[in-house]
Amino acid sequence: MSEQLPQSPSEEARARRIAELEFRLSRRRVGVRPMAAVMAIAVGLVLLGMQWKDLSYFLSPSVPLTLGAEGAYRFEALVSNRYAQVHGVPTVRGAYERADGALYVLVGLRDSPFVVRRPALPGEQWTDGRPPPQPDQRPFAVRGRLLAQEDAPRYRDALALMERMGELQPRDGRLWLLIEGERPGADRGLLLVCLALVTFVVLNAMLLVRGLKRR
C-alpha cells in the first residue's frame, strides 16, 4: 500500500489559497450573478421600450389610411403611427434638412394640419448658407408614416416653424407629420434588434432563476 507523502509548507499554503479562492467564487456565484441579471433585464427592457413605437408601426396594417384630398380631408380617420395616404396643394414655404447624405423637404399641405417630409425634387436643391428655394408647387399625392405632432419629437422645431408660417390649420391644436416612403414591415433591421433584445432579456431571466435557486 502506498503512503501519501507529507505536503511541504509551500504546498500547504497553495492549497489553502486555492480553497479560499474557491470559497469566494462560490459566494460570488450566489450573490452577484442574480443582481447582475436583474440589472441586465432592466437595461434590456428599457432598450426594448425605446423601440416599441417603431415596432408597433412595423406590425401595423399595410393598407394605408385614406385621408382624402384638398377641400375634403377625412380628419376623423386620423390615427398616429399608421400608414396613410393624402393628396394636397403644397405650401409656398417649407423647411429643409440633410440626413444620411440626402436632402429632404418638409412642406405643408395648404389649409390642412398636414406636413409632409419627402426627398427634395429637382429644382429644390439647397446650398448651405443660401436661402432655401421654394418647394415645388405642383399638387401631389403621398404615402407614408403618419405621426401626431407629439409623437415626432425629432421634428418639433421644424413643425413649430411650419406652423408660424401661417399656411397650415392645426387640428385640435396640433399638426400631423407624414414621412414619405416609410412602410410597415420594411425595416428588417428593427425586427432583428428587437429579437436580439428579447433573447437578451430571456437569457438573463434564466440566469436570475438559476442564481436564486442556488441561494
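**Exercise 1. Find how much space lies in the second largest pocket, and describe its lining.**

*Solution.* Start with the volume: the second largest pocket holds about 220 Å³ of space. This is a predicted model, so keep an eye on confidence as you go.

Next, go to the centre. Out of 13 lining residues, those closest to the centre of this pocket are Asp54, Arg145, Glu182, Asp187 and Leu190.

Then ask which element gives the most to the lining. That is helix 3, with three residues.

Finally, sort the lining by class: five residues are nonpolar, three are polar and five are charged.

**Exercise 2. Describe the largest pocket in the same steps: volume, centre, elements, classes.**

*Solution.* The largest pocket contains about 270 Å³ of space. It is lined by 15 residues, and Arg145, Arg154, Tyr155, Ile179 and Glu182 are the closest to its centre.

For the elements, look at helix 3 (52-58) and strand 6: each supplies at least two residues of this lining.

By class, the lining splits into seven nonpolar and eight charged residues, with no polar ones.

Now put the two lists of central residues side by side. Arg145 and Glu182 appear among the residues closest to the centre of the largest pocket, and Arg145 and Glu182 are also listed for the second largest pocket.

**Exercise 3. Work out the surroundings of Asp136: is this residue buried or exposed, and which residues does it touch?**

*Solution.* First, place the residue. Asp136 sits in the loop that runs between strand 5 (114-119) and strand 6 (140-148).

Second, check its accessibility. The relative accessible area of Asp136 is 16%, and the cut-off for buried is under 20%, so Asp136 counts as buried.

Third, look for partners. The side chain of Asp136 makes a polar contact of 2.7 Å with the side chain of Arg138. Setting aside neighbours within four places in sequence, Asp136 touches Pro90, Arg118, Leu121 and Glu124.

**Exercise 4. Decide where the coordinates deserve caution, starting from the mean pLDDT of the chain.**

*Solution.* The chain has a mean pLDDT of 83, and 83% of its residues reach 70 or more.

Go element by element: strand 2 (residues 82-88) has the highest mean pLDDT, 97, while helix 1 (residues 9-31) has the lowest, 58.

Two stretches need a closer look. Over residues 28-32 the pLDDT is below 50, yet the model gives this stretch seven contacts beyond near neighbours in sequence. Residues 1-5 stay under 50 as well, with zero contacts beyond four places in sequence.

The practical conclusion: where pLDDT is low, predicted coordinates should not be read in detail.

Key
Residues numbered from 1 in each chain as written. Predicted model: local features only at pLDDT ≥ 70, side-chain atom pairs only at ≥ 80, totals over all residues. Heavy atoms only, no water. Helix = DSSP H or I, 4+ residues; strand = E, 2+ residues; numbered from the N terminus. Buried < 20%, exposed > 50% of the residue type's maximum accessible area, 1.4 Å probe, protein only. Polar contact = N/O pair within 3.5 Å; in protein donor to acceptor, adjacent residues only side chain to side chain. Contact = heavy atoms within 4.5 Å. pLDDT = per-residue confidence, 0-100. 1 Å grid on protein atoms, 1.4 Å probe; cavity = no way out; pocket = protein on both sides within 12 Å on 5 of 7 lines; lining within 4 Å. Points joined across faces, edges and corners; volume = space filled by probe spheres on them. Nonpolar A, V, L, I, M, F, W, Y, C, P; charged D, E, K, R; others polar.
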